[in-house]
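Student: I should like to examine one part of this model closely, namely the surroundings of the ligand. Please describe them, and then relate them to the rest of the chain.

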Amino acid sequence: MAISKTPHYDAIVVGSSFGGAACALAAREAGLRVCVLERKRDPGERLHTTGIIVKEAAEDTALGELPANLVRRIDKVRLYSPNLRSALLSAPGYFFLTTDTPNVMRWLAQRQSDAGVELRLGHSFQAAQRTGSGWHVDGVGTARHLIGADGARSRVAERFGLGRPKSFLYGIEYEFDGVALHEPDTLHCFITRRFAPGYIGWVAQTPTGVQGGLAMRYDPAAARTPDIAGFLDRVGGLVGLPARRRADAVRAGLIPCGGPVAPLARDGVILTGDAAGIVSPVTAGGIHSAWRHGWLVGRALAGAGGVAEEIAICQAPRFRSKRLMRWAFDHAQMDWPFDLLLRTAPLRWAAERIYFHKRGSARTTRPESDAA
Ligand SMILES: Cc1cc2nc3c(=O)[nH]c(=O)nc-3n(C[C@H](O)[C@H](O)[C@H](O)COP(=O)(O)OP(=O)(O)OC[C@H]3O[C@@H](n4cnc5c(N)ncnc54)[C@H](O)[C@@H]3O)c2cc1C
C-alpha cells in the first residue's frame with residue numbers, strides 16, 4: 001500500500017496577524033492540527049496598523065498577556081474640533097494600549113509556534129484545489145478547512161469567489177522614534193474635514209516614540225493623496241511634535257468600513273478579520289473584532305459538518321448602527337457643528353460612547369493657545 005507523504009491539517013490559515021493568530025491558537029487549544037501561511041518573512045515588517053488595543057481586547061484575550069515593554073497605557077482622549085479647540089474625555093477604569101507593533105507581531109508569531117502551530121513565514125498563498133474532503137494547497141498539504149485571515153485584499157476571498165469588502169477608508173501614519181508628547185497618556189484625535197474627510201487624524205505616544213496619522217474615505221475613482229505632512233504641521237505644535245521632523249517610518253493601508261462581506265464562508269473556506277470586513281465602520285478599529293471572530297472560528301473548527309461556517313457567519317458583527325453613522329459621516333460631514341458643539345453635552349455624550357463604549361465621563365478644557 002502506498003503511503004501518502006502529504007501532510008494533513010485540520011485547518012490551513014492564511015495570514016498570521018490578529019485574526020489568523022486568534023484562529024490558529026483557538027484551534028490548537030481544541031487539539032487541532034493547524035498550519036499558518038504568512039507571506040512576510042518577518043511578521044514585524046511592512047505594518048499597516050497603528051496597533052492600538054482597546055481595553056476589552058486587553059482584558060478578554062491573549063493580547064492582555066503582551067509583555068509590559070511592548071505596550072503603553074493611555075487613559076484619556078483629547079478630542080479636537082476643526083478649529084483646534086479641545087475636550088478632554090476620560091472614563092474611570094477605561095484605557096487603550098498603544099503598542100510597539102512590530103514586536104507585538106513577532107510575539108504573536110512566537111506564541112503560535114510555542115502552541116504547536118506550524119507557522120510558515122515567507123510563504124504566500126496562491127491557490128488551492130478541491131480534494132475529496134477539503135482542500136489541497138501546493139507545497140503545504142491538505143486541510144479540511146481553509147481560513148482566509150489575509151486582510152482587506154484577501155486572495156483567499158478572490159480565489160474562492162467569496163465576498164470582498166467594497167468600501168474602505170485609507171489610513172496613513174508617520175512614526176517618530178524617541179519623541180515625547182506634552183500629554184503622553186492621552187490619545188489626541190482631530191476632527192478635520194480638510195485633512196481627514198470621513199474619519200479623523202490622531203497622534204499618540206507609543207512605547208518607542210510617537211505615531212501621528214490620519215484616515216480618509218477611499219475613492220479609487222477620485223484618488224486624493226493624503227496630506228499627512230500638512231496635517232502634522234498644523235497639529236504638531238499643539239501636542240509636542242518637533243517641527244519639520246522627518247518620519248522614521250510610515251504605515252499605510254486600506255480599512256474595510258462597510259460591514260461583513262457575503263458570502264463569508266462556503267465549502268470549508270472561511271474568512272475572518274479584515275478579509276471578512278469585520279472592522280468597526282465608525283472607529284475603524286479591527287484588532288479586537290478580528291481577534292474575537294478569529295477565535296470563535298478557530299474553536300468551531302473542531303465541530304462537525306458545516307458548524308464552523310455557520311458560526312463564522314452568524315458571529316460576524318453586523319455593525320448596523322455604526323454603518324448608519326458611517327453613512328452620515330460620509331454624506332454630511334461638516335466642520336461648523338463640531339466647532340460649535342464640541343463642548344456641549346450631546347457631543348460629549350456621543351464621543352464618550354464611541355471612545356469608551358458607554359462608560360465615559362468627560363471634562364472639557366481649552367488648549368493653551370485658546371485659553372491665552
Ligand atoms: C493605518 C491603519 C491603522 C489602524 N489602526 C488600528 C488601531 O489602532 N486599532 C485597531 O483596532 N485597528 C486598527 N486598524 C485596523 C486593523 O489593523 C485591522 O483591522 C487588523 O489588523 C485586522 O487583522 P487581520 O488579521 O484581519 O488582517 P491583517 O492585520 O491585515 O493581516 C493580514 C495578514 O495576512 C498576510 N497575508 C496577506 N496575503 C497573504 C497571502 N496571500 N499569503 C500569506 N499571507 C498573506 C499579511 O502579510 C498579514 O500578515 C488600522 C488599519 C490601518 C490601515
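Tutor: Five elements each supply at least two residues of the shell around the ligand: helix 1 (18-29), strand 2 (34-38), strand 12 (168-177), strand 16 and helix 6 (287-300). The model is a predicted one. Of these contributions, that of strand 16 is the largest share of the shell, with four residues. The shell comprises 38 residues around the ligand, of which Gly15, Thr49, Gly171, Gly273 and Gly286 come nearest. Sorted by class, there are 17 polar, 13 nonpolar and eight charged residues in this shell.

Two of the elements just named lead to other features of the chain. Strand 16 (249-256) is followed by a loop that runs to strand 17 (265-266), and Pro263 is placed in that loop. The peptide bond joining Ala262 and Pro263 is cis, with omega at about -10 degrees. On the other flank, the loop between helix 5 (228-239) and strand 16 holds Arg244. Arg244 is a residue other than glycine, yet its phi is positive, near 50 degrees. Arg244 counts as exposed because it has 9 C-beta neighbours inside 10 Å, and the cut-off for that class is 12 or fewer.

Helix 1, which also supplies the ligand shell, has a part in the nonpolar interior. The largest nonpolar core has 108 residues, and Ala11, Val13, Cys23, Val34 and Leu271 touch the most other members. To this core helix 1 gives the most, with eight residues. For Val13, neighbours within four places in sequence set aside, the contacts are Gly20, Cys23, Ala24, Val34, Val36, Ile147 and Ala149.

A further positive phi, of about 70 degrees, is found at Leu84, which is not a glycine. Leu84 sits in the loop between strand 5 (76-80) and strand 6 (86-90). With 16 C-beta neighbours inside 10 Å, Leu84 is classed as partly exposed.

The later helices can be taken in order. Helix 8 spans residues 320-332 and has 13 residues; the distance from its first C-alpha to its last is 18 Å, close to the 18 Å expected at 1.5 Å a residue. The number of buried residues among those 13 is one, so helix 8 lies largely in the open. Helix 9 (residues 336-341) contains Leu341. Leu341 is partly exposed, as 14 other C-beta atoms lie within 10 Å. Residues up to four places away in sequence not being counted, Leu341 touches Pro346 and Leu347. Between Leu341 and Gly163 there are 39 Å in space, C-alpha to C-alpha, and the two are 178 residues apart in sequence.

Helix 10 covers residues 345-356; its twelve residues reach 16 Å from first C-alpha to last, close to the 16 Å expected at 1.5 Å a residue. Arg348, Glu352, Tyr355 and Phe356 are the buried residues in helix 10. These residues are on the same side of helix 10, because they cover an arc of only 80 degrees around the axis. Pro346, Trp349 and Ala350 are exposed on the other side of helix 10. Pro346 is thus both an exposed residue of helix 10 and one of the contacts of Leu341. Just after helix 10, His357 takes a positive phi of about 55 degrees.

Terms used
Residues numbered from 1 in each chain as written. Predicted model: local features only at pLDDT ≥ 70, side-chain atom pairs only at ≥ 80, totals over all residues. Buried ≥ 20, exposed ≤ 12 C-beta atoms within 10 Å, placed from the backbone. Near = placed C-beta within 6 Å. Nonpolar A, V, L, I, M, F, W, Y, C, P; charged D, E, K, R; others polar. Expected span 1.5 Å × (residues − 1). Arc of directions from axis to C-beta. Contact = placed C-beta atoms within 7 Å. Core = buried A, V, L, I, M, F, W, Y, C linked by C-beta atoms within 7 Å.
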